[in-house]
Amino acid sequence: MNSECRTYFERISEFLDGELDRDLCAKIESHLQDCPECRECLESLRRTIELCRRMAEEEIDPGVLARLKRAVLEALNH
Amino acid sequence: MQGESVVNHMEKTASNPSDEQLVASFREGSAEAMEIIVERYGNRILRFGLKMCGHLQDAEDISQETFLSAFRYLDSFRGETRLINWLFKIASRACMRKRRKKKDEPDREISLDAWLPERPGDEGRSYQIPDPDAGPDAHLDRKEMKKVIGEAMRQLPPHYRIVLNLRDVEGFSTRETADILEISEQAIKTRLHRARLFMREKISEYFEEEAYG
Ligand SMILES: [Zn+2]
């Protein structure tokens, strides 16, 4: 990792989220072409985010929602 | 009328009411509107509470507090943000309050610098993160993966965990998350980046041990 890599590394989440301006984006894209380490870094981070997103699905028992609704309505009626 | 039948009924009789319509009906005293709001967003708030606190009981407390507070103050809701964002704002405060009250969870504001690659010896560190798009029989067992991610998330300090949940799990934008937590967009970006690095390190550690352990 050279100093260029380190500078870009700090912005890599924003890069993945499409939050960088066009200039910086283009610079990072061109750096990625020549730097396998940064490509690996980017890909592993992208996978991490995707896994967090998919694995977060939580099946909540329908009884829990019914209980919540009951509790809220009862509390408001008193 | 109970359970899902309210929604079914609304769908049969009228079109699915928008949040704005529900808020307006609530102001006119409709209890049905409240029921539909809880049915529509209850699971998301419950899930968020569960991810933040780790216990179903805490998640239920937080969700109750959120909806009760929402209905008490719904008159002050001006609609400058979406209803769901407003609910998450209330829920986030409830989560952080609950955490402060807890004695068993120390305020671990650990430094995440350790997960930056400046760490000596990390040059060219390669990470073992399974491909989310690999087939089910690749070494990505869904149940196992959920456990690994859940455990890693619980180890994240709460200020980072809440940002990761709002951004990457719930899908709020940086600006929306900043508004929900009432902190700057820059703070959201910094915390999110570090939280993701932390998650990557933890997931990778797990699969490295799997491979060599
Ligand atoms: Zn590089």
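These are my notebook entries on a zinc site, two helix contacts and one loop residue in a predicted model.

**Ground rules.** I count residues from 1 along each chain as its sequence is written, with chains lettered from A and ligands numbered from 1 in the order in which they are written. Local features need pLDDT of at least 70, side-chain atom pairs count only at pLDDT 80 or more, and totals for chains, interfaces and linings use all residues, while side-chain values use heavy atoms and leave out hydrogens and water.

**The zinc ion.** Which residues hold the protein donors of the zinc ion? I found Cys5(A) (SG), His31(A) (NE2), Cys35(A) (SG) and Cys38(A) (SG), lying 2.0 to 2.3 Å from the ion. Donors are N, O and S atoms within 2.8 Å of the metal (3.2 Å for Na, K and Ca); water is not among the atoms, so sites may look incomplete. The angles among the 4 donor atoms run from 102 to 112°, so the arrangement is tetrahedral (four donors, all angles between 85 and 135 degrees). I noted the spacing of the donor residues in sequence as C-x25-H-x3-C-x2-C. His31(A) and Cys38(A) are both buried (under 20% relative accessible area, with exposed over 50% and partly exposed in between, using a 1.4 Å probe and protein chains only).

**Helix α3 against α4 in chain A.** Helices here are DSSP runs (H or I, at least four residues), and strands are runs of E, at least two, all numbered from the N terminus. I saw the axes of α3(A) (residues 22–34) and α4(A) (residues 36–55) come within 6 Å and cross at roughly 115°. That makes the two helices roughly perpendicular (65 to 115 degrees). Axes are lines fitted to C-alpha atoms, for helices over the stretch in contact, and angles run from 0 to 180 degrees between N-to-C directions. His31(A) is among the α3(A) residues that meet α4(A), and Cys38(A) is among their α4(A) partners; contact means heavy atoms within 4.5 Å.

**Across to chain B.** α4(A) also packs on α6(B) (residues 142–155), at about 105° with axes 10 Å apart. Leu51(A), Cys52(A), Arg54(A) and Met55(A) meet Arg142(B), Met145(B), Lys146(B) and Ile149(B).

**Chain B itself.** I counted 9 helices and 0 strands. Of its 213 residues, 48% count as buried.

**A loop residue.** Where is Glu182(B)? I found Glu182(B) in the loop between α8 (174–181) and α9 (185–212) of chain B. Its phi is near 55°, a positive value in a residue other than glycine. Most residues other than glycine have a negative phi. Glu182(B) counts as exposed because its relative accessibility is 53%.

Notes:
Parallel < 35°, antiparallel > 145°, perpendicular 65-115°, else oblique. Tetrahedral: all angles 85-135°; square planar, octahedral: opposite > 155°, others 65-115°.
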